[in-house]
Every structure is written in C-alpha cells, then in structure tokens.
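Let's take a friendly walk through a protein and the RNA it comes with. Have a look at the picture first, and then we'll go through some details together.

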Amino acid sequence: MSSLKPVRGTRDILSDDILRHRHVEETARAVASRYGYAEISTPIFEFTEVFARTLGDTSDIVTKEMYTFEDKGGDRITLRPEGTAGVARAFISEGLAQNLPLKFFYRGPMFRYERPQKGRLRQFHQIGVELLGVVRPLADVEVIALGAHILDALGLAGKVVCELNSLGDGESRDAYRARLVDYLKNHKDKLSADSRDRLERNPLRILDSKDETDREIVAGAPLMSDSLNGDSRRFFDELLKGLETAGVPYKINPRLVRGLDYYCHTAFEFTTDALGAQGTVLAGGRYDGLIRQMGGPQTPGIGWAAGVERLAMLVEGTPKLARPLVVVPIGEEAEERAFAVTQGLRRAGFSVDLGFSGNLGKRMKRANALNARAAVILGGDELARGAAAVRDMDSGEQAEVPLTALEEHLGRFR
RNA sequence: GCGGGAGUAGCUCAGGUGGUUAGAGCGCCAGAUUGUGGAUCUGGAUGUCGUGGGUUCAAGUCCCAUCUCUCGCCCCA
C-alpha cells in the first residue's frame with residue numbers, strides 16, 4: 001500500500017459509490033424541483049463570522065469543529081460546516097427579500113473537524129432545502145413532506161421514522177429552559193459529568209443524554225409541551241394536522257432537541273437504526289430568528305439537511321449506467337476509419353467506447369468488461385463492402401450492416 | 001478531544017509458543033484461440049507485512065511511539 005493517503009476523514013468517491021451519491025442527489029433535486037425549489041450553489045467557504053454569529057458561541061460546531069484559517073489577505077475564512085448559514089447570507093447579500101417566499105435546494109460538500117466514524121467524515125456531502133418568508137405552519141408541513149417524499153423516492157420509507165417535536169417560540173423556550181434547569185439542579189450531584197457541564201451551556205441537550213442515570217432523571221423532568229404558550233401550541237397542532245392530511249407518518253419525541261441555537265417551533269429528524277450511532281439521516285427545523293440575527297430583515301425560515309453518505313449507505317443495489325456500444329476496428333486501415341464512425345454514433349446520441357489499442361480478441365474482451373450492449377466490428381472485408389459487422393453481445397448474433405444504415409440498425413440497442 | 005478493536009497482494013482474508021526464498025481465493029496479465037467477448041484449462045506478476053524506533057544471532061510475529069480505519073462517548077447529516 002502506498003504511503004500517499006487521503007487526509008483523515010476524507011475519501012475518494014468512485015465507481016459504485018459515486019453512482020449511489022449521484023442517484024441520491026439527482027433524486028432529491030428532481031423531487032425538490034417538483035415542489036418548486038430552485039437550486040442554489042453558495043461558496044464552500046465564507047467569512048468566519050457567518051457561521052460563528054449564527055451557530056451560537058456555545059455550539060460544538062463553532063467551538064471545536066470548524067476548519068478556520070486566515071487567507072493571504074488576512075481574512076478569517078471558514079469552510080462551511082453546514083448549508084443554512086450560507087443560504088441565509090446569500091439571501092441578505094443578494095437582496096432577495098423583495099421576492100419572498102423563496103424556496104431553495106442545495107447540495108455539496110461540508111467540512112467538520114471531528115473524529116471520523118462510519119457515516120461521519122471530515123468532508124461529507126449534504127443535500128438540503130430552505131423555505132424562507134412563510135410564518136404559517138403549512139411551510140413546515142411542506143418542507144417535512146418534501147423530505148419524506150425524497151426518502152420514499154429513494155426506497156427508504158420503510159427504514160426511517162420521522163421524529164418530531166416543538167421547541168415553541170422564544171418565550172416558550174425560555175420558560176421551559178428555566179423550569180428544566182430548576183428541576184435538574186435538584187439532581188445535579190447525580191447527573192453525569194457531561195450533563196453537569198451542559199447544565200450551564202446547553203441544558204436542553206441533557207434531554208437526549210445517553211447516560212443511564214441521566215435518562216432516569218430526565219424521565220421525571222417537566223415536559224416541553226407543558227411550557228408551550230397558546231401561540232406555540234396552536235402552531236404545533238396545525239403542523240400535526242397538516243402532516244396527517246399530507247399522509248406523512250410521524251412520532252412525537254418530546255426529548256428531541258436541536259443543537260443549533262437559531263431553531264424555534266418545529267424540530268424534526270428522520271432516523272434509522274441501520275447506521276449505528278449515526279442514525280440521523282435527514283434533520284432540520286424552523287429558524288425564524290436567524291436572518292435578523294445575521295443583520296438582515298426579520299424573515300422566517302424552515303429547512304432541513306440530509307447526509308448523502310448516510311443515505312447512499314442505505315440505498316439498496318447499484319444504479320446501472322446505460323450500456324454502451326463498442327467500436328472494434330481490425331487492422332490499421334480500419335483503425336483510421338474507426339474514430340470517424342465512433343464520432344458519428346456519438347453525435348447521433350449513442351454512448352460509444354473506442355479502445356486505444358489491442359487486437360480483436362482484446363478489444364472484444366474489453367467490450368465485455370464494459371458491459372457493452374453491442375459491438376460494431378470494422379474489418380477489412382466488411383469495409384470493402386461499405387459495411388460493418390454488428391454483434392449483439394447478449395445473444396452473440398452477428399449481422400452485416402451497411403455503414404449508411406448503421407445508426408438506424410443500432411437504434412434497437414439504444 | 002476521550003475510551004475499546006484492527007491494519008499482511010488491487011479486493012476478501014490465512015499466517016500456534018519469533019526461525020530460511022510470506023500464502024489462498026477473487027481480480028489482473030499472457031497463452032491455449034494472430035477475424036470474435038462471456039465458460040474452461042495452463043502459466044505469470046502480485047507485497048517497503050500501515051509508518052518509525054527498540055529488543056534479539058534472527059521480528060509479519062514481542063515492546064514503544066505514531067498514522068489510518070473501525071466501534072462507542074461528545075456532537076451531528
């Protein structure tokens with residue numbers, strides 16, 4: 001094995017893997033497009049403040065996971081750890097507030113400096129959507145239904161569960177946080193070290209702690225739903241009703257929280273038990289305060305992101321490429337004419353491979369390895385008659401076809 | 001960042017207690033078949049044994065460090 005290796009947590013993606021990635025991305029793009037989501041591509045790096053300001057100073061992403069560096073001009077630059085901040089920044093930079101509501105689909109690499117595991121990499125890929133400018137819960141319904149639709153189109157409906165919760169508006173969330181902290185402080189000495197730390201930093205996170213004693217304590221904790229004010233309660237009820245109307249199955253999980261500070265109201269995760277500790281496959285929520293926090297006009301938003309690597313691991317089988325034709329020249333004179341024949345077929349819309357060397361036997365072997373549908377054999381005898389031998393690689397049947405009728409004859413193999 | 005497991009051919013893996021030229025299957029290459037692929041048969045090449053250091057007459061094997069993968073924690077897609 002060579003000592004030349006990719007950087008830790010990065011991968012070359014090729015052959016079957018890249019086909020699966022492409023399948024995931026193209027399926028998502030096609031379904032999102034049916035819902036009217038326009039694709040947007042934002043830079044993979046931004047000024048560090050774009051992420052630092054929006055993700056919250058206490059989040060792990062900001063404190064330890066960002067790839068941040070100073071460029072030659074002295075600017076602080078960060079490789080994007082997630083997609084929402086960049087879309088929000090573009091919304092402000094491009095003055096898009098005139099055109100609300102807006103719906104975006106994006107895809108591309110994200111970067112987080114963390115310890116790699118299965119389904120968790122330092123460079124990974126996400127697909128995601130954002131819906132900006134709609135305060136009504138119907139927006140949440142559409143965004144979640146779109147996520148469910150994409151997972152269904154990928155054949156994963158039976159492998160995932162949509163877990164759902166409401167964090168309420170700011171008022172509800174603050175009220176709940178206070179009640180929760182009050183309760184947990186009474187059990188502080190029994191909490192795990194991690195959770196005692198979280199009590200200061202991010203108390204809501206304690207709700208989904210994996211520590212057993214924590215779980216026992218959490219079982220008796222006040223419920224978020226009891227702290228929702230009237231507006232928040234109504235919002236959540238409308239969302240649930242909408243999902244039922246849309247036929248999206250869900251499971252309410254009162255302990256579901258989101259790591260990032262800007263979420264409010266709706267939080268959801270599509271999870272699977274097929275990927276070990278990295279069970280979250282598509283997740284998102286509502287972020288009504290984000291754009292104003294970044295310095296833009298008050299603009300509500302909701303969206304989600306999904307990990308392409310994780311989805312690709314769940315997708316069964318390998319998407320097949322279209323089977324090519326192969327042109328096989330025999331002899332020097334035929335080789336000179338083969339490229340012109342090949343180009344003619346390519347211009348006519350066929351996928352055609354023309355090898356660079358080899359005798360007949362080798363070229364036929366390669367045609368077989370490429371899973372060619374048919375071979376167009378150009379031998380001296382055939383060319384002298386202005387024809388080619390067309391061999392069906394499945395049946396082995398071979399027929400002589402005049403070059404002038406080649407495209408028409410090959411139509412059956414398209 | 002913390003804890004456990006693992007790194008031998010392109011791939012999947014064998015290599016008791018240290019002992020000569022490190023093996024198998026798959027794949028690859030060549031030939032049987034110089035105008036015909038898949039199947040079969042014959043032959044061939046697989047390699048700094050992850051990397052660096054140490055112990056020893058002798059290290060794939062033992063010790064230390066380091067890197068990468070993997071499982072879990074943290075966190076998240």
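Where does P101 lie? You'll find P101 in the loop between α4 (84-93) and β5 (102-111). Keep in mind as you look around that this is a predicted model. Now check the link just before that proline: L100 and P101 are joined by a cis peptide bond, with omega at about -5 degrees. Most peptide bonds are trans, and most residues other than glycine have a negative phi. On that second point, turn to S15, which is not a glycine but has a positive phi of about 45 degrees. S15 is found in helix α1.

Helix α1 takes us to the next topic, how helices pack. Two packed helices are described by the angle between their axes and the distance between the axes. Start with α1 (residues 15-34) and α5 (residues 137-153): their axes come within 9 Å and cross at roughly 140 degrees. That angle is why α1 counts as oblique to α5. The crossing in which α1 passes α5 is right-handed. On the α1 side the contact is made by T27, A28, V31, A32 and R34, which meet L146, H149, I150 and A153 in α5. Sorted by class, the residues of this contact are six nonpolar, two polar and one charged.

Helix α5 has another partner, helix α9 (residues 230-246). These two pack at an angle of about 40 degrees, and their axes are 9 Å apart. Because of that angle, α5 is oblique to α9. Here, too, is a right-handed crossing, that of α5 and α9. P137, D140, V141 and I144 are the α5 residues involved, and they meet F235, E238, L239, G242, L243 and A246 in α9. The contact of α5 with α9 has seven nonpolar residues, one polar and two charged.

Now for the RNA. Which residues come nearest to RNA strand B? Of the 51 residues around the strand, they are R112, R120, R198, R205 and E382. On the RNA side, sugar and phosphate account for 55% of the strand B atoms that come within 4 Å of the protein. What kinds of residues make up the surface near RNA strand B? There are 23 charged residues, along with 14 nonpolar and 14 polar ones.

Several helices and strands help build this surface. At least two residues each come from α3 (60-65), β6 (123-132), α7 (193-201), β10 (280-286), β11 (301-307), α13 (360-369) and α14 (380-384). The largest share, five residues, is supplied by α13.

Finally, here are some side chains that have a polar atom close to a particular kind of atom in the RNA.

| Side chain | Atom of RNA strand B | Distance |
|---|---|---|
| Q117 | base nitrogen | 3.4 Å |
| K362 | phosphate oxygen | 2.9 Å |
| E382 | base nitrogen | 2.3 Å |

So E382 turns up twice: E382 is among the residues that come nearest to the strand, and an N or O atom of its side chain is 2.3 Å from a base nitrogen.

Terms used
Residues numbered from 1 in each chain as written. Chains lettered and ligands numbered in written order. Predicted model: local features only at pLDDT ≥ 70, side-chain atom pairs only at ≥ 80, totals over all residues. Heavy atoms only, no water. Near = heavy atom within 4 Å. Polar contact = N/O pair within 3.5 Å; in protein donor to acceptor, adjacent residues only side chain to side chain. Helix = DSSP H or I, 4+ residues; strand = E, 2+ residues; numbered from the N terminus. Nonpolar A, V, L, I, M, F, W, Y, C, P; charged D, E, K, R; others polar. Axes fitted to C-alpha atoms, helices over the stretch in contact; angles between N-to-C directions. Parallel < 35°, antiparallel > 145°, perpendicular 65-115°, else oblique. Left-handed = near helix turned anticlockwise from the far one by under 90°. Contact = heavy atoms within 4.5 Å.
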